Amino acid sequence: MSRIRARFWDPAGERYGIPTYPWKMAPPHLLTLRQLTAEGLRPGGQGVQAQVLWRSRRHGAPGVRAAYLYDVRFALPKRTATARQRIALGKANAARRTCPECLRDAGYVLPRHLGICLDCAEEAAARTDRTDWRKAA
């Protein structure tokens, strides 16, 4: 084992407070949140059981990164939304896509800083450009 990997080998949790493993050396029953989600599971109220530490040079900032691990044996199945919740979410998403000016479904979520669809924003910008030009003359 390399010195870097040996630095992060602490399965008893004496050095880091919780069991710590180097990259790709954690036991198979310990998974990250993303791995649990991929299997259709959630932590189910359990705390962090262990961590994986590794050195990173991401974006030119050297340091140590961590991924927290949860025990798959204590994980619960993911909850699914009810039919009424899905209907409510569909209505909310439709409202976020509907332009209040032209009343069309834009097909994308409207930018919050504009509050209207891009076509209406472009037309409004063209109108203000014309009026500003007339005022300056």
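Trp9 has a relative accessibility of 35% and counts as partly exposed, where buried means under 20% relative accessible area, exposed over 50% and partly exposed in between (1.4 Å probe, protein chains only). The structure is a predicted model, in which local features need pLDDT of at least 70 and side-chain atom pairs count only at pLDDT 80 or more, while totals for chains, interfaces and linings use all residues. Residues are numbered from 1 along each chain as its sequence is written, and side-chain values use heavy atoms, with hydrogens and water left out.

**Exercise 1. Aromatic pairing**

Task: Determine how many aromatic pairs there are, and describe the geometry of the pair formed by Trp9 and Tyr21.

Solution.
Step 1. Rings of Phe, Tyr and Trp (its six-membered ring) pair if their centres lie within 6.5 Å; planes under 30 degrees apart count as stacked, over 60 as edge-to-face and the rest as tilted.
Step 2. Application of this rule gives two aromatic pairs. In one of them, Trp9 and Tyr21 stand 5.7 Å apart, centre to centre, with 75° between the planes, an edge-to-face arrangement.
Step 3. Trp9 belongs to the loop between helix 1 (3–7) and strand 1 and Tyr21 to strand 1, so the pair ties together parts that are 12 residues apart in sequence.
Step 4. Tyr21 has a relative accessible area of 9% and is buried, whereas Trp9 is partly exposed.

**Exercise 2. Chain organisation**

Task: Establish the order of the elements from the N terminus and the share of buried residues in the chain.

Solution.
Step 1. Helices (H or I, at least four residues) and strands (E, at least two) are DSSP runs, numbered from the N terminus. The protein chain contains four helices and six strands.
Step 2. Read from the N terminus, the order is α-β-β-α-β-β-β-β-α-α.
Step 3. Of the 137 residues in the chain, 23% are buried.
Step 4. A contact requires heavy atoms within 4.5 Å. Among contacts between residues at least 6 apart in sequence, 43% join residues at least 24 apart.

**Exercise 3. The environment of Gln46**

Task: Is Gln46 buried or exposed, and which backbone oxygen does its side chain reach?

Solution.
Step 1. Gln46 is located in the loop between strand 3 (41–42) and strand 4 (50–56).
Step 2. Its relative accessibility is 14%, and Gln46 therefore counts as buried.
Step 3. A polar contact is a pair of N or O atoms within 3.5 Å; within protein, one must be able to donate a hydrogen and the other to accept it, and residues adjacent in sequence count only if both atoms are side-chain atoms. The Gln46 side chain reaches the backbone oxygen of Asp71 at 2.9 Å.
Step 4. With residues up to four places away in sequence not counted, Gln46 touches Tyr70, Asp71, Phe74 and Ala75.

**Exercise 4. Positive phi angles**

Task: Locate Lys24 and Leu103 in the chain, and state the phi of Lys24 and of Leu103.

Solution.
Step 1. Most residues other than glycine have a negative phi.
Step 2. Lys24, although not a glycine, has a positive phi of about 65°. Lys24 lies in the loop between strand 1 (20–22) and strand 2 (30–31) and, at 71% relative accessibility, is exposed.
Step 3. Leu103, likewise not a glycine, has a positive phi of about 60°. Leu103 occupies the loop between helix 3 (83–97) and helix 4 (118–136) and is exposed, with a relative accessible area of 66%.

**Exercise 5. The loop between helix 3 and helix 4**

Task: Identify the contacts of Thr98 and Pro100.

Solution.
Step 1. Thr98 is situated in the loop between helix 3 and helix 4, as is Pro100. Thr98 is partly exposed at 31% relative accessible area; Pro100 is exposed at 54% relative accessibility.
Step 2. A polar atom of the Thr98 side chain lies 2.7 Å from the backbone oxygen of Ala94.
Step 3. Apart from neighbours within four places in sequence, Thr98 is in contact with Leu103, Arg104, Asp105 and Leu110. Thr98 and Leu110, 12 residues apart in sequence, are 7.5 Å apart, C-alpha to C-alpha.
Step 4. Not counting residues up to four places away in sequence, Pro100 touches Leu110, Gly115 and Ile116. The C-alpha atoms of Pro100 and Leu110 are separated by 10.0 Å.
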